[in-house]
Amino acid sequence: MRATVEQFEEAKSRMSSLKQDPGNDVKLKIYALFKQSTLGPCTTPRPGMLDFINKAKWDAWKALGETPQEDARQQYCDLIGSLVSAEGGSVAAKPSGSASAQYETLLVTTEDKITTIKLNRPAKKNAITTVMYDEIVTALEQAGKDNSVLTVFTGAGDFYCSGNDLTNFTKIPDGGVELMAKQAGELLRKYVKAYIDFPKPLVAVVNGPAVGISVTALGLFDLVYATERATFHTPFSQLGQSAEGCSSYTFPKIMGNAKASEMLLFNKKLTAAQACDFGLVTEVFPDSSFNSEVWTRLKSYAALPPNSLALSKQLIRSTERERLHAVNDAEVELLVERWTSDECFTAIMNFFQSKAKL
């Protein structure tokens, strides 16, 4: 009997702690909406009276009653979106007095005949929002026409880029998931096209881990320099999605079918050294001297005759431009289908759920 009383008192204490933390109300709501949107109304047996945490989860789910799965899905997306907005994670602040003051999510500068496009959401590991997609396209268009010789991509902070900001998938318009997928597909098509058609030498300075679209697009760059601590990860199947950035064509061409499949199908994460061995990265530098070595080299490249560089780049690209556009179209078409599938939605919801466990 004593053991039962002690167990009850411990359970009461845990329940009291659960109620006192306001954040747990949100976590319970996330849990309940996730369950309702993926499994429908709660039909599982109620947990035992001493299983306070699972009982709280069960009660939250049961309270949704007969809420349709589609409505629960929308409420879940709205809740996640509101939490991200509350954290200030939608865009980065505009840098005052910067040459890139016209951009919210980028720092764009031109110096020593080099235009640098720096992803500027370091607190969010430079995850790409819809705003950032549009701004990168604009920055590339402007860099293609300015007086610079080279254009360089890099990231602010410790990350190069963590890929797609998955909260992009929580902003469902009035037209529903199908319209969201169509709009996202057209934005992605335009984004990748900007890389395919870029007229000058394009260099990636990978200053840290790279994920998703920031990795797949590297196949469209002319040089890729990486610090030794960089990693390269394309977890598409893990998120119920498929390849983009022309990687379904460029990766097998660069590294062979087997290595490309290991990355694009089975979520293999590469170290900088491995990526260099496979041909995705041009050269790897020690982290301690990364910036000094890379930028010394880039400045010497920028001193080369600009027209010769640009025309040679365009000649090399001309042999495959049409093929790359066709690949881009095919990848976008498949992704639009993926984004509207239950499999993709469930995979993304699972990702969010794993970040909000009690």
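User: Which residue in β3 is the bridge partner of I114?

Analyst: In β3, I114 has L150 as its bridge partner. The model is predicted: local features require pLDDT of at least 70, side-chain atom pairs count only at pLDDT 80 or more, and totals for chains, interfaces and linings use all residues. Residues are numbered from 1 along each chain as its sequence is written, while side-chain values use heavy atoms, with hydrogens and water left out.

User: How do you know that β2 and strand β3 pair?

Analyst: Two strands pair if DSSP finds at least two bridges between them. Strand β3 (residues 150-155) joins β2 in the parallel sense over six bridges, so the criterion of at least two is met. Strands are themselves DSSP runs (E, at least two residues), as helices are (H or I, at least four), numbered from the N terminus. The protein chain has 14 helices and nine strands.

User: In what sense do strand β1 and β2 pair?

Analyst: Strand β1 (residues 106-111) and β2 are antiparallel, with six bridges; T109 stands opposite T116 in β2. The two strands form a hairpin with two residues between them, and D112 in the turn has a positive phi of about 55 degrees.

User: Why is strand β2 described as largely enclosed by the rest of the structure?

Analyst: Buried means under 20% relative accessible area, exposed over 50%, and partly exposed in between (1.4 Å probe, protein chains only). Five of the six residues of strand β2 (residues 114-119) are buried, so the strand is largely enclosed. Across the protein chain, buried residues make up 47% of the 358 residues.

User: Why is T227 called buried?

Analyst: T227, a residue of strand β6 (residues 223-227), has a relative accessible area of 0%. That value falls under 20%, so T227 counts as buried. Contact means heavy atoms within 4.5 Å; leaving aside residues up to four places away in sequence, T227 touches V206, N207, G208, A272, V284, F285, D287 and F290.

User: What makes β5 and β8 the edge strands?

Analyst: Three strands form an open sheet in the order β5-β7-β8, with mixed pairing. Strands β5 (210-211) and β8 (270-271) each pair on one side only. Strand β7 (residues 231-233) runs antiparallel to β8 and is joined to it by two bridges, with T231 opposite T271.

User: Which members of the largest nonpolar core touch the most other members?

Analyst: A nonpolar core is a set of buried Ala, Val, Leu, Ile, Met, Phe, Trp, Tyr and Cys residues joined through side-chain atoms within 4.5 Å. Of the 64 residues in the largest one, F153, Y191, V206, F221 and F232 touch the most other members. Helix α6 (residues 176-196) contributes the largest share of this core, eight residues. Apart from it lies another core, of twelve residues, including L150 and V294.

User: How do you know how the lining of the second largest cavity divides into nonpolar, polar and charged residues?

Analyst: Ala, Val, Leu, Ile, Met, Phe, Trp, Tyr, Cys and Pro count as nonpolar, Asp, Glu, Lys and Arg as charged, and the others, Gly among them, as polar. The lining residues are L119, I128, I136, F153, Y160, Y191, Y195, I213, S214, A217 and F221. They divide into ten nonpolar, one polar and no charged; S214 is not on the nonpolar or charged list, so it is polar. Helices α6 and α7 (213-216) each supply at least two lining residues.

Methods. 1 Å grid on protein atoms, 1.4 Å probe; cavity = no way out; pocket = protein on both sides within 12 Å on 5 of 7 lines; lining within 4 Å.
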